[in-house]
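Hi there,

Here is the structure I promised to pass on to you. Have a look at it first, and then read on for my notes.

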Amino acid sequence: MTVTVPVALGERSYEVVIGTGLLPDAGSRLAPFFRRPRTLIVTDETVAALHLAALQSGLEAGGIRSEAIVVPAGEGSKSWPMLERVVEALLAHRVERDDLVIAFGGGVIGDLAGFAAAILRRGVGFIQIPTSLLAQVDSSVGGKTGINSPLGKNLIGAFHQPRHVLIDIDVLDTLSDREFLAGYGEVVKYGLLGDADFFDWLETEGPRLRDGDKSGRIEAVRRSVAAKAGIVSRDEKEHGERALLNLGHTFGHALEAATGYSDRLLHGEGVAIGMGLAFALSARLGLCAQETPSRVAAHFAAMGLRRSMADIPGELPDADGLIELMAQDKKVVGGVPAFILCRAIGDSFVNREVPPEAVRAVLAEALV
Ligand code: NAD
């Protein structure tokens, strides 16, 4: 069974195909996109060990020859040295302007390979085959690509839309529970930011998805991708509505920076904790009902997701230290951080005028 979500971006429009059993079928599904039947796959060591053979034989079955560039797993690969390695390898393999590169992995690989494709020969096309839940519901769609600078995360990059996104739900079977739940934080985000019915559905169906139900996972990924596709097609370059996708990120990025982008806190976990704080801030400012943050926290608890700062191992900076880290976020304009706040579950908006005392109070309360 497959479902297709269109991403409407004029001549750069593409489709996201979601289903099971898609890797063995990759060749016949992707052949129409190739001008000549050969490709380079960029992937990481973990995904390569688990799924590369299946992808390559699936491509071969459809007549597409492939070779792979394998980089170390983890955020550290979104770096200048790794970008150089990937770009030079693509050139050495004589990837031409009309060829397509395949990004096969989590968000790190999508961002790295997508950016390499964006700058190679002033832009070659690429296909996303995302393998983590986070990449399937978020990073593979929308065309943001890039790497990290020693001065901050995602500071170097380009908008470069993929030509196609192929999402095989089966590969999630090998994802650790912790990585699955981190990706689930981004799924919940779509409900919280703009679709109360989806959040209701997740409250009921979430545990079934976590336990491996395939049709539920397809539906959750479909609804997430459709939400993201809608926002991206209305505001590709983040001049307005796309900023809502940053719900939880202002707090989350500060926590990620405070934990050194390490295993202490995964990106999706930071977003989940950050969304809890965004709801607490909204309630403190009298924007949403006082009981709404508890409903969000109760769902995270039911799923076993990290949901509060107390769930982060080790020391954290105090409230002022975290506010300092927020000031370095890339969404800061004129030194003022943007917060995505909520009037209710499913009703969010951007606010650049949050009083710092309110942020400090929410953080101080969460840190005890
Ligand atoms: P990741 O790519 O590091 O993947 C997480 C871990 O899971 C890695 O160790 C990876 O090897 C492993 N993995 C991936 N698929 C697997 C599978 N099927 N089975 C077993 N292990 C598997 O990280 P991520 O959480 O996927 O993505 C986080 C990155 O995405 C961050 O760098 C973030 O900045 C970026 N991101 C980008 C966007 C965007 O719009 N471009 C959006 C959100 C996040």
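Below is what I found, going from the sheet to the cores, the ligand and a few single residues.

Please keep in mind that this is a predicted model.

Let me start with the sheet. Seven strands form an open sheet with mixed pairing, and their order is S1-S2-S9-S6-S5-S3-S4. At the edges you will find strand S1 (2-7) and strand S4 (65-71), each of which pairs on one side only. From one strand to the next, the twist averages 20°. If you would like one pairing to look at, try strand S3 (residues 38-44) and strand S5 (residues 100-105): these two run parallel and are joined by four bridges. Within this pairing, Ile41 has Ile102 in S5 as its bridge partner. As a general reminder, the strands of a sheet pair through backbone hydrogen bonds, either parallel or antiparallel.

Two helices lie across this part of the sheet. Helix H3 (residues 80-92) crosses S3, S4 and S5, and runs at about 160° to S4. Helix H4 (residues 107-119) lies across S3, S4, S5 and strand S6 (125-130), at about 165° to S5.

Next, the nonpolar cores. The largest has 50 residues, and Val16, Ile18 and Leu192 are the ones with the most contacts inside it. Helix H6 (residues 177-194) supplies the largest share of this core, with eight residues. Another core, of 25 residues, lies apart from it; Val95, Val101, Ala103 and Ala116 are among its members. What does Val16 touch, not counting residues up to four places away in sequence? The answer is Val3, Thr4, Val5, Val7, Val141, Val165, Ile167 and Val225.

Now to the ligand, which may interest you at the bench. It is surrounded by 26 residues, and the closest are Asp44, Glu75, Thr131, Ser132 and Thr174. Three of the polar contacts are listed here:

- Gly107 places a backbone N or O atom 2.8 Å from an oxygen atom of the ligand.
- Lys153 has a polar side-chain atom 2.9 Å from an oxygen atom of the ligand.
- Thr174 has an N or O atom in its side chain 2.7 Å from a nitrogen atom of the ligand.

Back on edge strand S4, one residue to look at is Ser66, which is found in that strand. Is Ser66 buried or exposed? Ser66 counts as buried because its relative accessible area is 17%, under the 20% cut-off. The side chain of Ser66 makes a polar contact of 3.0 Å with the side chain of Gln56. Leaving aside neighbours within four places in sequence, Ser66 is in contact with Thr39, Ile41, Gln56 and Leu59. You have met Ile41 above, as the bridge partner of Ile102.

Finally, there are two backbone angles to point out. Most residues other than glycine have a negative phi. Arg94, however, has a positive phi, near 55°. Arg94 sits in the loop between H3 and S5, and Arg94 is classed as exposed because its relative accessible area is 60%, over the 50% cut-off. Glu238 is not a glycine either, yet its phi is positive at about 60°. Glu238 belongs to the loop between helix H8 (214-234) and helix H9 (249-258), and with 25% relative accessibility Glu238 counts as partly exposed.

Happy browsing, and all the best!

Definitions and conventions:
Residues are numbered from 1 along each chain as its sequence is written. This is a predicted model: local features need pLDDT of at least 70, side-chain atom pairs count only at pLDDT 80 or more; totals for chains, interfaces and linings use all residues. Side-chain values use heavy atoms; hydrogens and water are left out. Two strands pair if DSSP finds at least two bridges between them. Axes are lines fitted to C-alpha atoms, for helices over the stretch in contact, and angles run from 0 to 180 degrees between N-to-C directions. Contact means heavy atoms within 4.5 Å. A nonpolar core is a set of buried Ala, Val, Leu, Ile, Met, Phe, Trp, Tyr and Cys residues joined through side-chain atoms within 4.5 Å. Buried means under 20% relative accessible area, exposed over 50%, partly exposed in between (1.4 Å probe, protein chains only). A residue is near a molecule or strand if one of its heavy atoms lies within 4 Å of it. A polar contact is a pair of N or O atoms within 3.5 Å; within protein, one must be able to donate a hydrogen and the other to accept it, and residues adjacent in sequence count only if both atoms are side-chain atoms.
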